[in-house]
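Reader: I am new to reading protein models, and I would like some company. Could we look at one together, feature by feature?

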Amino acid sequence: MHELALVEAMIHAVTEEVDRAGVTGPVRDIYLGMGPLACAGPDAIRETFALLASGTRAAGATLHIKRSALNFTCGDCGASGALAEPFDPCPRCGGAVLHLDGAREIQLLSIDVETD
Ligand SMILES: [Zn+2]
């Protein structure tokens, strides 16, 4: 249940963020960036969110999930950029030792909060 931990951390980040901003209204929209290799699909994330968010400031918020680009750093030549396919070789040196940055992560991009 990998997505459980991811979603739990995300909700925690959201509630911390609105608390720090001193916002009192409910969270309306949450924008997430999802790494291309994140193992959970958007539907699983939404379902898990609906379960875990109940009773928190984030309850009832709409999740907007965007797949982020596949950013890599080459372990051979140090080149970095975005790959088209997860298993492509390094476009500069052809090396296969690529570190994919955040490819399995879910990032919190922004939050919209009800203000009135
Ligand atoms: Zn390279």
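Author: Gladly! Keep in mind that this is a predicted model. Let us begin with strand 2, residues 62-67: of its 6 residues, the number buried is 0, so strand 2 lies largely in the open.

Reader: How many bridges join strand 1 to strand 2, and do the two run parallel or antiparallel?

Author: Strand 1 and strand 2 run parallel, joined by 6 bridges. To find one matched pair, look for Met-34, which stands opposite Arg-67 in strand 2. Between the two strands the chain passes through helix 2, making a β-α-β crossover that is right-handed.

Reader: Which strands make up the sheet around strand 1, and in what order?

Author: This open sheet has 3 strands in the order 2-1-6, and its pairing is mixed. Strand 2 and strand 6 are at the edges with a single partner strand each, so one side of each has no neighbour in the sheet. On average, neighbouring strands here are turned by 20° against each other, direction ignored.

Reader: How many bridges does strand 1 have with strand 6, and in which sense do they pair?

Author: They pair in the antiparallel sense, over 7 bridges. As an example, Val-27 stands opposite Val-113 in strand 6. A general idea helps when you look at any strand: in a regular one, the side chains alternate between the two faces of the sheet.

Reader: Is Val-113 buried, exposed or partly exposed?

Author: You can decide by counting. A residue needs 20 or more other C-beta atoms within 10 Å to be buried, and 12 or fewer to be exposed. Val-113 has 18, so Val-113 is partly exposed. Leaving aside neighbours within four places in sequence, the contacts of Val-113 are Val-18, Val-23, Gly-25, Val-27 and Arg-28. By contrast, Val-113 and Ala-38 are 26 Å apart in space, C-alpha to C-alpha, and 75 residues apart in sequence.

Reader: What about Ala-50: where is it found?

Author: Ala-50 is in helix 2, which covers residues 42-53. Since 14 C-beta neighbours lie inside 10 Å, Ala-50 counts as partly exposed. Try finding Gly-60 as well: Ala-50 and Gly-60 are 10 residues apart in sequence, and their C-alpha atoms are 7.5 Å apart in space.

Reader: How should I look for a core?

Author: Here is the general idea: in soluble globular proteins, nonpolar side chains tend to be buried together. In this model the largest nonpolar core has 17 residues, and those with the most contacts inside it are Met-10, Val-14, Ile-30 and Ala-58. At least two residues of this core come from each of helix 1 (2-21), strand 1 (27-34), helix 2 and strand 6 (106-113). Helix 1 gives the largest share, 5 residues. Another core lies apart from it, with 5 residues, among them Leu-70, Phe-72, Cys-90 and Leu-98.

Reader: Which residues is Ile-30 in contact with, leaving aside its neighbours within four places in sequence?

Author: Ile-30 is in contact with Val-14, Ala-58, Ala-61, Leu-63, His-64 and Ile-111.

Reader: Where does helix 1 lie?

Author: Helix 1 lies across strand 1 and strand 6, and runs at about 40° to strand 6.

Reader: What is the strand order of the sheet with antiparallel pairing?

Author: The order is 4-3-5, in an open sheet of 3 strands. Strand 4 (80-83) and strand 5 (98-100) are its edges; each has a single partner strand, so one side of each is left without a neighbour in the sheet. Neighbouring strands of this sheet are turned by 40° against each other on average, direction ignored. Strand 3, residues 70-74, runs antiparallel to strand 5, with 3 bridges joining them. One bridge to spot is that of Thr-73, whose partner in strand 5 is His-99.

Reader: Now for the whole chain: how many helices and strands are there?

Author: The protein chain has 2 helices and 6 strands, following the pattern α-β-α-β-β-β-β-β along the sequence. Its radius of gyration is 17 Å, well over the 13 Å that the globule rule gives for 116 residues, so the chain is more spread out than a compact globule. The C-alpha atoms fill a box of roughly 55 × 30 × 15 Å along the principal axes.

Reader: What percentage of the residues is buried?

Author: Buried residues are 21% of the 116 in the protein chain. As for contacts between residues at least 6 apart in sequence, 71% join residues at least 24 apart.

Conventions: Residues numbered from 1 in each chain as written. Predicted model: local features only at pLDDT ≥ 70, side-chain atom pairs only at ≥ 80, totals over all residues. Helix = DSSP H or I, 4+ residues; strand = E, 2+ residues; numbered from the N terminus. Core = buried A, V, L, I, M, F, W, Y, C linked by C-beta atoms within 7 Å. Contact = placed C-beta atoms within 7 Å. Pairing = 2+ DSSP bridges. Right-handed = clockwise from strand over helix to strand, strands pointing away. Rg over C-alpha atoms; globule rule 2.2 N^0.38 Å. Axes fitted to C-alpha atoms, helices over the stretch in contact; angles between N-to-C directions.
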